[in-house]
Amino acid sequence: MHFDELLKTLGELGHYQRTRLFLICLVSIVCAFHAMNMVFVGANPKKKCQVPYVNNVTLDHWASFLRRADEDACEIYNPDEVYNSVSNGSYTFQELSSGETNASFSKVSCSNWEFSREVYGDTIVTQFYLVCDSAWLRSTSKTLYFFGRLLGAVVFGQLSDIFGRRPMFFAGLLMLLIVGCVAAASPSMFVFIPFYILQGAAQTGLFLVAYTMCTELVGPSYRVLAGFLIQGFYSIGYMALSGVAYLIYDWRYIEVAITLPVVLFAAYLCILPESIRWLLSKGREEEAKEIIKKVAETNKVPITEDMLEDLRSPSEKQKEAVDDRKYTFVDLFRPFRMLILSLNVWFNWLVNAMVYYGLALGTDNLGGDPYINFMIAGAVEIPAYIMCVLCLNRVGRKKPLTITMIFGGVSCIASAFVPSDLVALKVTLAMLGKFGITASYAIIYLMAAEVFPTVVRNIGMGISSMSARIGGMLAPQILDLGAVWGPLPLLLFGVLSAVAGSLALLLPETNGRPLPQTIEDVTHPEKLKHRDDMTLDIRKNMRTLLSIPRHGVVVSFKQSTATAQRKENLPDDTPAQPKPFADIPGPKGIYNLPVLGNAFHFAPYLKSGGSHLYFRELNKQYGKIVRVRLGPNQTVMLFDPELISQTIANEGAYPVRRSVPIMETYVKRTKRNMLSVQNGPDWQSYRSAAQQSVKPTIIKNYIEPQAQCADDLVTWLEKYGNNNPEVKFAFMCYSADANAVLTFDKKIGFLKNSENLDPELELFLNSIRQFMALIGQSIFSLPWYRLWRTKLYMDFENATNNVYRISEKFIGEARIELLQKSKNGEFDIAESDLTVLKCLLQDNRLTNQTITDSPEKQAKLYAEISSNIGSSPVTAANLGYLPYLKACVKESFRCVPPVASGTARVLQLDTEIGGYLIPKGTTVMFGNNTLSMSEEQFANPEEFLPERWLDSNDPQKQRQMGMCVLPFGIGKRNCMGRRFAEQEIHLATIKVRHQIEET
């Protein structure tokens, strides 16, 4: 089994992976410490030139006058000349200080300085006097640090491919520990700078190896999440560094404090294994298998030796070109269209890195508290990453890249021109710029890998990475331009960001498109559109055949069934054009916000009695058709049986039903088949096969064992009573028993053995109950489980896995028994169908329905049962002649609807409903719960009247009432187990009614 397939069995993000992923992500915190430490280690506090002491001269007057020679505190007036002019009486200090004299003195350079300790303690600037003529060493050290990062990316990347991820991971940790400690003890800048370069190499190399290990640790479905997660921890380290620097003033101790924690990672030697993917790529399969067995043991997943065979996929080397020639970096510059694309991508990388690090390293220039500024600059990265995760696959790459870069650029430009005294506004705008550039940096990283063709992708990404390092090297130099004009750095960052964002519009959109393989795919992008064009041609042909207008609208239900002659003649009474979708009445304002949907509107109804009241209020306020936002989707509610009937009549060959999001997420992660989340031909194929086991001719054969289950229910009720708080659970046990008769081909005895239930069966029942409850909870909660495994999702996954696991055990037993019967000639296995969980996990309906307390109705029901069945066993024949019983069941479903809203469909074409044009893809939900209690549809809806379903004089009314009450759905996507569930309900009702009469 190939490793990616095996990983789905082991768990793409199981306990083993989650633990190691968290441990590796902790390393990125230390990496962030060392990436940004120069902000505090190299801080430049305010300074004054130290002046010589002179006897009999007031120090304050003396020093203040000498320092007036240079605002930058690099020069002072010549002390000897000033002292002589004052001592010989030529001037007084009062005259000199007031500027009323024409005295002129020469200047001398400062040799010593006094540094302010109000904000920063000792830094390399204060200890090594990196001011005035030596100030260039401060910015140069930052630039050389980014040069070290360039070296680290190249060297560690190559060596980790050769020697493995794990050795280079610990090599990076050891190197960071050594160079960090040596840098902290440096006696001069000429010792500090070489080790600071190595510190940059170690930090970058370590982070890149850790990033690779994270993405290789998890399954394909979680690689993007793992990548953003380690970057999120990087941002946490970014923020934490501010606190460390605030508590520890001295730069040497800051270096030690952010370096010594590396020692703790030595414990990883016993925890962190080599990357399985790297081992497989090097042919070291035995080592890989040992690690896989440990993963399986930790994740509590059984594996066999057969599953460990053929872990490596066959070599699938990409051809470099159709003519087999070797491609080099020169091919990135030709033809002209390829050149423009390459330069555009590289310029975007350079600008993103330059602005990102410029804003990060320049927080002390914004005014206000530099520690708080730095922490905010780290904090804004987390929502930027979250936004990228949520938007990139939905909106695309190009537009978000352009918007975030221009947004960040405009924010920087605005911040540059904010007066220095408006600190809060200046910092806010700069942080908005940091938010935008963080998001764009993440996007361009992904987009660059998608725009370069396969034959030169690695070369293109390599030069892109080099461009980013060059941008980082330029950032400190641009910050130094603030000495020329204060707003200049932010202005340059903003302008360059806006320019790069505008140029990004020239890049091709890559979301949902095939990756370019050759340079020709880039120079002739129309070839990549071939599939899209084919789709458009198919749609055009279908519209021509069906005489549907160009925009694909089914103009109306009446028109769709009109004759060709009427279409040609177009009489005067042609229906008016449908009104736009936006005109459908419904909640407005905050009640129509995306994602949150109608949470504000829902809340009071959930507290006061249930969500079904909310739908009834919508019908009352807005009428028969209502537009409402449920979660991220616009939904149309129908409160009219005719509109429901028309929608069902046009649902097409493969009706689409929007699945429950948490079930959809489960299926995506576990790769299990679940009928309720499938659509299209796959759904039809699976349902057609499964439906064979619930045919009427099959169902009637289960009356006797189902009746035995019903007898167990009656026995339980006799023993514990109807008012027992566990009565609902008893009905659930009965339903599980009755379903097991069909799905497992045996009577399990959930109810009969309820007092001494086997632990596994008890887990089975509790898991079913938890499964149903968690679905309800998930509908009214934000879907964070789509991004990571929340507690809600983990509980749901565990419950569902338990049901599948135990069910598969029973299926296996039933299959073995049937095979044995087939061998003995007792049974033809070709007639059996054991596709289980159709009832339990797809369309199960529990049978604890209401039996009215009306003596009159009970007597009438008992009379019908007695006259048709009496004391005889229930058979398919006599079960078919109980109209009043069936009417009672229908009325029970009307009075106690099983769902808060009703059945739903997703439109597959633009469709007119109720005079409004509903766009394709919209969910249309039927308000069955509301219609069930509607006075317009049912006379005296609060009363239990089974007789209303027996009026054969008005078939149209009966049809409308049926559309109002759809407990098992309707049409091709109705409940597959409907007949079985109805039989289950009828048998339970008959048995319970007999028991009531006898007692």
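Visitor: How many Å² does the protein chain expose, and what share of that do carbon and sulfur atoms supply?

Guide: Keeping in mind that this is a predicted model, the protein chain exposes about 47500 Å², and carbon and sulfur atoms supply 57% of that area. Turning from the surface to the interior, 49% of the 999 residues of the protein chain count as buried.

Visitor: What does the secondary structure of the protein chain come to?

Guide: The secondary structure of the protein chain comes to 42 helices and eleven strands. As for how distant parts of the sequence meet, residues 24 or more positions apart account for 75% of the contacts with a separation of 6 or more.

Visitor: Where do nonpolar side chains tend to be in soluble globular proteins?

Guide: In such proteins, nonpolar side chains tend to be buried together. In this model, the largest nonpolar core has 151 residues, and those with the most contacts inside it include M36, F40, I124 and V345. Helix α15, spanning residues 336-361, gives the most to this core, with 14 residues. A second, separate core has 91 residues, among them V727, A738, F810 and C964.

Visitor: Which residues does V345 touch, leaving aside those up to four places away in sequence?

Guide: With those neighbours left out, V345 touches A448, V451, F452, S464 and L507.

Visitor: Is R138 buried or exposed?

Guide: R138, which lies in helix α8 (residues 136-163), counts as buried because its relative accessibility is 14%, and buried means under 20%. Not counting residues up to four places away in sequence, R138 touches G42, A43, N44, V125, L130 and D364.

Note on methods: Residues are numbered from 1 along each chain as its sequence is written. This is a predicted model: local features need pLDDT of at least 70, side-chain atom pairs count only at pLDDT 80 or more; totals for chains, interfaces and linings use all residues. Side-chain values use heavy atoms; hydrogens and water are left out. A nonpolar core is a set of buried Ala, Val, Leu, Ile, Met, Phe, Trp, Tyr and Cys residues joined through side-chain atoms within 4.5 Å. Buried means under 20% relative accessible area, exposed over 50%, partly exposed in between (1.4 Å probe, protein chains only). Helices (H or I, at least four residues) and strands (E, at least two) are DSSP runs, numbered from the N terminus. Contact means heavy atoms within 4.5 Å. Accessible areas come from the Shrake-Rupley method with a 1.4 Å probe; for residues, only the protein chains shown count as cover.
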